[in-house]
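Please open the model in your viewer and keep the sequence panel beside it. The tour below moves from one selection to the next, and at each stop it says what to look for.

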Amino acid sequence: MNDVLSIGGDTINSRLWLGSSLYPSPQIMAQALTAAEPGFITLSLRRQTAAQVKEQVAENGHWQWLTQAAARSGARLLPNTAGCHSAREAILLAQMARELFATDWIKLEVIGDDYTLQPHPLQLVEAARELLAQGFKVLPYCTDDLVLCRTLLELGCPAVMPWGAPIGTGKGLMNPYQLRTLRERLPDATLIIDAGLGKPSQAMAALEMGFDAVLLNTAVALASDPQQMAQAFRQAVSGGRAAYRAGLMPERDQASPSTPALGLPFWHQPGTGRKEAL
């Protein structure tokens with residue numbers, strides 16, 4: 001059956017999205033990205049000018065490795081506004097990213113707390129509203145707050161990206177109840193788990209829950225073997241999506257035998273030691 005991920009009118013070729021930072025080298029980054037075959041590859045300007053970015057690219061070849069890996073895997077580039085603390089900063093950085101990378105896609109981040117890296121909901125909404133008016137396809141990184149996610153979708157964001165846990169912690173899906181609530185209350189929305197995933201099993205759990213994709217970076221970049229870890233995440237995401245589409249059995253509080261007694265020649269009466277013919 002057709003199971004295409006479509007966002008903002010564009011087809012995304014994978015439900016696993018990866019970041020491009022923290023890798024030991026550009027070569028290892030490229031190997032991991034090629035192995036993952038991600039739908040998006042995120043990258044950050046870190047409030048630099050376009051000229052500064054181009055100068056750094058020329059020095060270390062990072063941009064060349066990144067674009068080659070994207071071309072081989074069919075991934076799209078997704079600039080982000082990491083490091084911004086206000087709507088004004090994020091809007092300016094998004095405009096620079098569009099000029100430099102020739103894309104209207106932007107992962108919108110506006111941080112409200114430096115300790116938890118929790119998004120600032122008010123500044124996030126303000127920045128999203130303005131960028132959408134400027135024609136951007138805005139994918140906002142947000143918390144798992146239902147009202148915030150709904151507000152961003154109503155503004156026109158083609159998807160929202162609630163966190164599983166704070167960025168870089170690897171704690172996985174810390175609030176599964178709230179995440180399930182999001183999926184149930186926003187059944188037609190595109191929801192991507194962004195941040196906090198540390199294991200392939202956590203990514204699989206997100207897809208089993210019905211989330212449309214996952215975005216991660218640290219779990220692959222800081223693995224002992226990033227290429228092999230990228231493959232593991234790709235397989236986990238594929239398995240989780242297949243399980244969700246197949247339909248998971250409901251959880252039960254009471255044991256239920258997989259082999260029923262009906263039809264067996266004898267039935268044991270609990271507590272009596274007696275067997276009676278059926």
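The stops that follow begin with the whole chain and then turn to single helices, loops and a pocket.

**The whole chain**

Begin with everything selected, and keep in mind that this is a predicted model. If you colour by secondary structure, you should be able to follow 10 helices and 14 strands along the protein chain. The chain has 278 residues, of which 46% count as buried, and it exposes about 14200 Å², with carbon and sulfur atoms supplying 51% of that area. When contacts are taken between residues at least 6 apart in sequence, 64% of them join residues that are at least 24 apart.

**Helix α6**

Now select residues 146-155, which form α6, and show their side chains. Which residues of α6 are buried? They are L146, L148, C149 and L152, and these buried residues pack against α5 (121-133), β9 (137-142), β10 and α7. Next, look at the two ends of the helix. At its start, a side-chain oxygen of D145 reaches to within 3.1 Å of the backbone nitrogen of V147, while just after the helix G156 takes a positive phi of about 125°.

**Helix α7**

Move on to α7, residues 176-185, where Q178, L179, T181, L182 and R183 are buried. To see what covers these buried residues, add α6, β10 (161-162) and β11 (192-194) to the display, since they are included in that cover. As you turn the helix, it helps to remember that an α-helix has 3.6 residues a turn, so residues three or four places apart point the same way.

**W163 and the loops around it**

Select W163 next, in the loop between β10 and α7. W163 counts as buried because its relative accessibility is 12%, which is under the 20% cut-off. Leaving aside neighbours within four places in sequence, W163 is in contact with T116, L117, Q118, Y141, C142, T143, D144, L179, D194 and A195. One of these partners, C142, is 21 residues from W163 in sequence, yet the two C-alpha atoms are 6.3 Å apart in space.

Two of the residues that W163 contacts, L117 and A195, deserve a stop of their own. L117 lies in the loop between β7 and β8 (118-119), and its phi is near 55°, a positive value in a residue other than glycine. A195, in the loop between β11 and α8 (200-208), also has a positive phi, in this case near 90°. Is each of them buried or partly exposed? L117 is partly exposed, with a relative accessible area of 28%, whereas A195 is buried, with a relative accessible area of 8%.

**E109**

Go now to E109, which you will find in the loop between β6 (105-108) and β7 (111-113). With a relative accessibility of 6%, E109 counts as buried. Its side chain is joined to that of K107 by a polar contact of 3.0 Å. If residues up to four places away in sequence are not counted, E109 touches N80, T81, A82, C84, A90, Y141 and I167.

**A219**

The next selection is A219, in helix α9 (residues 218-221), which is buried with a relative accessible area of 15%. Beyond the residues up to four places away in sequence, A219 touches L197, G198, M229 and F233. You may also draw a distance from the C-alpha atom of A219 to that of T169: these two residues are 50 apart along the chain, and their C-alpha atoms are separated by 9.2 Å.

**E208 and the second largest pocket**

For the last stop, select E208 in helix α8. E208 counts as partly exposed at 26% relative accessibility, and, not counting residues up to four places away in sequence, it touches G240, A243, Y244 and L248. The C-alpha atoms of E208 and V237 are separated by 8.8 Å, although the residues lie 29 apart along the chain.

Which residues line the second largest pocket? Select R180, E208, M209, Y244, L248 and E251 together to display its lining, which divides into three nonpolar residues, no polar ones and three charged ones. The volume of this pocket is about 200 Å³. As a general point, rolling a probe the size of a water molecule over the atoms shows where empty space is left.

Notes:
Residues are numbered from 1 along each chain as its sequence is written. This is a predicted model: local features need pLDDT of at least 70, side-chain atom pairs count only at pLDDT 80 or more; totals for chains, interfaces and linings use all residues. Side-chain values use heavy atoms; hydrogens and water are left out. Buried means under 20% relative accessible area, exposed over 50%, partly exposed in between (1.4 Å probe, protein chains only). Helices (H or I, at least four residues) and strands (E, at least two) are DSSP runs, numbered from the N terminus. Contact means heavy atoms within 4.5 Å. Accessible areas come from the Shrake-Rupley method with a 1.4 Å probe; for residues, only the protein chains shown count as cover. A polar contact is a pair of N or O atoms within 3.5 Å; within protein, one must be able to donate a hydrogen and the other to accept it, and residues adjacent in sequence count only if both atoms are side-chain atoms. On a 1 Å grid over the protein atoms alone, a cavity is a set of points where a 1.4 Å probe fits but cannot get out, and a pocket is an open set with protein on both sides within 12 Å along at least five of seven lines; lining residues have an atom within 4 Å of a point. Grid points are joined across faces, edges and corners, and a volume is the space filled by probe spheres set on the points. Ala, Val, Leu, Ile, Met, Phe, Trp, Tyr, Cys and Pro count as nonpolar, Asp, Glu, Lys and Arg as charged, and the others, Gly among them, as polar.
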